[in-house]
Amino acid sequence: MSFLTLDHVSHHYFSKKNFTKALDDITFSIKEGEFVALLGPSGCGKSTILSIIAGIIEHTAGEIYVNDQPLQQAELDIGYMLQQDYLFPWKSIIDNVLIGPKISHDQSEETKKNAVDLLNQVGLSGITEDYPDSLSGGMRQRVALVRTLITNPKILLLDEPFSALDYQTRLKLEDLVWELLGLYSKTSILVTHDIGEAIAMSDRILLMDANPGSIAKTFEVPVELRNEKPFLVRRHPKYQILFDKIWEKLNKNEANSLQHEVVESPNET
Amino acid sequence: MKHESDHQLFENYQRNLKREKKFVLVLQLIILVSFFGFWELASSMYWIDPLIFSSPSEIYSVLLDKFSDGSMLTHLQVTLFETVLGFLIGTILGIIMATVLWSSERLSNIMDPYLVVMNAMPKVALGPIIIVAIGPGYLSIITMGAIISVVITTLVVYSAFREVDPNYVKVLKSFKASRGQIFKEAVFPATIPAMISTLKVNVGLSWVGVVVGEFLVSNEGLGYLIVYGFQVFDFSLVMSSLILISIFAAVMYKIIERIETFLIKHTK
């Protein structure tokens with residue numbers, strides 16, 4: 001049984017004089033504990049899919065099911081990580097981490113203890129009373145990760161969470177996130193435009209097309225790669241084979257579409 | 001060839017910083033002293049009419065006189081009380097109105113033209129109506145001090161509310177926050193710097209409202225003293241009141257600056 005299903009989901013953005021179809025007929029499902037990557041050029045509606053699953057925007061057509069129940073009734077607990085950490089600068093680290101529990105009126109000592117433990121686990125001890133402005137980008141994104149995990153979400157939505165970081169920090173954080181999500185066997189969706197990152201982290205890659213956003217092709221990541229840390233995946237012989245396959249397909253899509261937009265090239269090959 | 005150590009370089013930097021600061025302060029003092037000195041000189045030499053422009057020594061003796069018989073203190077207290085209260089009411093009411101507008105986009109769309117008109121209208125022109133409606137006295141003067149800043153506060157704070165980074169809201173929405181919680185946790189604290197800058201503007205505005213109010217009805221306060229001095233042709237009294245107003249307006253401004261550095265330590 002699938003955990004989350006998108007069934008012919010479409011989305012339109014309306015403006016006064018115009019409308020654009022951001023998503024066209026998106027259908028896929030995710031099993032519990034699975035890590036899926038949505039890969040595609042900017043503007044293909046990847047992030048829109050996450051916002052729809054998060055319930056932040058309403059899709060205009062189709063249906064979403066969680067455990068075979070429509071999303072609206074399912075009360076899906078989600079964790080959302082954005083491109084940047086978006087820590088609240090006026091709150092201390094511990095208050096930032098505990099914002100989710102605060103909103104759901106859970107301010108027990110146990111949750112606090114959990115928060116400190118999780119911070120320790122991501123290598124951030126003794127900074128609970130500091131403020132975000134004294135932390136580096138990588139540290140801040142780790143705090144954001146803890147903030148996301150503390151509410152024990154059923155599904156994690158990762159919206160290019162590493163894109164604002166420098167390359168080295170990014171590789172380290174990929175490993176950390178991958179390990180933590182594996183440890184707690186979280187169902188996750190990663191949005192990225194980086195082919196390498198998609199292969200390194202996920203079990204399955206949904207390659208997207210732009211204008212309107214749709215799923216062009218699904219790639220299964222070989223089992224040997226799924227169980228390796230992202231950093232090691234990048235050195236595996238099968239990594240390059242899959243990378244080339246996706247690269248080729250991406251370029252073909254680009255050539256087919258009459259878009260003149262330059263598709264962002266992956267940052268590393 | 002340079003042989004200075006890191007520490008020496010740093011000391012040099014600090015010394016230059018201090019010297020620059022001292023230089024600015026000295027120049028500021030020179031301007032102050034020469035302004036009053038020249039004024040005194042011009043007045044005593046009859047380059048300017050001392051009856052109209054008074055002189056620092058004359059103002060000093062008026063102030064000394066009025067403070068020692070206690071009358072100035074009363075006037076000062078009255079005006080300060082009215083200004084501070086008008087300022088607080090105007091600012092707080094403006095923030096509340098901005099919050100109400102934020103709570104409903106439809107309401108803010110409906111109210112938009114009325115706010116524009118109310119903002120464009122010169123509020124002091126309402127003075128006579130306020131006095132007739134509320135009655136001559138403290139209340140209408142405080143109302144003047146408040147009304148002059150309330151609409152602009154509403155507009156500025158409301159637009160600041162709307163400019164809060166939507167990603168903060170997104171984070172909170174992912175935790176299923178209500179609109180009230182979003183306001184309390186993200187929108188309001190993110191807007192504090194903008195609110196402080198409206199406070200700085202409002203300080204000046206409230207003085208305008210209160211002084212004009214006192215012109216119109218009062219028999220107490222610094223604004224009253226200015227009008228009274230004008231009527232009896234005692235311009236030393238007018239100047240004394242003016243100087244007191246300037247000093248206390250500046251003090252209020254400085255107090256807000258202090259509050260600012262305290263409040264926005266971690267908002268950037």
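What share of residues 23-48 of chain B is helix, and how far apart are the end C-alpha atoms? I opened the notebook with this span; the model is a predicted one. I found 85% helix and 0% strand over residues 23-48 of chain B, with the end C-alpha atoms 32 Å apart.

**Chain B, annotated spans**

I took the span above from UniProt, where an unreviewed entry lists "transmembrane region" for residues 23-48, 80-102, 114-135, 141-161 and 225-253 of chain B. I then looked up another of these spans, residues 141-161 of chain B, and got 100% helix and 0% strand. Its end C-alpha atoms lie 30 Å apart.

The unreviewed UniProt entry also gives "domain: ABC transmembrane type-1" for residues 72-256 of chain B. I noted 86% helix and 0% strand for residues 72-256, and a distance of 25 Å between the end C-alpha atoms.

**Chain B, surface patches**

Which residues gather in a patch of positive charge on the surface? I listed B:R15, B:K18, B:R19 and B:K22. I checked B:R19 by itself and placed it in helix α1 of chain B, which covers residues 6-44. B:R19 counts as exposed because its relative accessible area is 54%, where exposed means over 50%.

I next looked at a nonpolar surface patch of about 680 Å². Its members are B:V84, B:L88, B:I89, B:I92, B:L93, B:I96, B:M97, B:V100 and B:L107. Helix α4 of chain B, residues 71-103, supplies the largest share of this patch, eight residues. I picked B:I96 as a sample and found it in helix α4 of chain B. B:I96 is partly exposed, at 46% relative accessibility.

**Salt bridges**

How many salt bridges does a search of the whole structure find? I recorded 17 over all chains. Side chains of opposite charge can pair when their charged atoms come close. I wrote down three of the pairs below.

In chain A, A:D24 pairs with A:K21, with the closest N and O atoms 3.1 Å apart. I noted A:D24 as partly exposed at 27% relative accessible area. A:K21 is also partly exposed, at 36%.

I then turned to A:E34, which forms a salt bridge with A:R204; the closest N and O atoms are 2.9 Å apart. This pair links distant parts of the chain, the two residues being 170 apart. I located A:E34 in the loop between β2 (19-30) and β3 of chain A, and A:R204 in strand β9, residues 204-209. Both A:E34 and A:R204 are buried.

In chain B, I found a salt bridge between B:E185 and B:K184, with a closest N to O distance of 3.2 Å. Is B:E185 buried or exposed? I have B:E185 as buried, with a relative accessible area of 5%. B:K184, on the other hand, is exposed at 54%. Shared partners join A:K91, A:K102, B:K184 and B:E185 into one network of salt bridges.

**Chain A, sequence against space**

I compared separations starting from A:S42. This residue lies in the loop between β3 (35-39) and α1 (46-54) of chain A, and it is partly exposed at 39% relative accessibility. A:H193 is 151 residues from A:S42 in sequence, yet I read 7.0 Å between their C-alpha atoms.

A:Q107 is 65 residues from A:S42 in sequence, and here I read 39 Å, C-alpha to C-alpha. I placed A:Q107 in the loop between α4 (99-103) and α5 (109-121) of chain A. A:Q107 is exposed, at 55% relative accessibility.

**Positive phi outside glycine**

I noted two residues under this heading. A:S185 has a phi near 35°, positive although the residue is not a glycine. I found A:S185 in the loop between α7 (167-183) and β8 (187-192) of chain A, and it is exposed at 53% relative accessibility.

Where is B:Y46 found? I traced B:Y46 to the loop between α1 and α2 (50-53) of chain B. Its phi is positive, about 60°, and B:Y46 is not a glycine. I logged B:Y46 as exposed, with a relative accessible area of 64%.

Methods. Residues are numbered from 1 along each chain as its sequence is written. Chains are lettered from A and ligands numbered from 1 in the order in which they are written. This is a predicted model: local features need pLDDT of at least 70, side-chain atom pairs count only at pLDDT 80 or more; totals for chains, interfaces and linings use all residues. Side-chain values use heavy atoms; hydrogens and water are left out. Patches are made of residues with over 30% relative accessible area and no salt bridge: like charges are joined within 9 Å, nonpolar side chains (Val, Leu, Ile, Met, Phe, Trp, Tyr) within 5 Å. Accessible areas come from the Shrake-Rupley method with a 1.4 Å probe; for residues, only the protein chains shown count as cover. A salt bridge is a side-chain nitrogen of Lys or Arg within 4 Å of a carboxyl oxygen of Asp or Glu. Lys and Arg count as positive and Asp and Glu as negative; His and the chain ends are not counted. The place of a charge is taken as NZ of Lys, CZ of Arg, CG of Asp or CD of Glu. Helices (H or I, at least four residues) and strands (E, at least two) are DSSP runs, numbered from the N terminus. Buried means under 20% relative accessible area, exposed over 50%, partly exposed in between (1.4 Å probe, protein chains only). UniProt positions are given in the numbering used here, feature names are shortened, and annotations may be inferred rather than shown by experiment.
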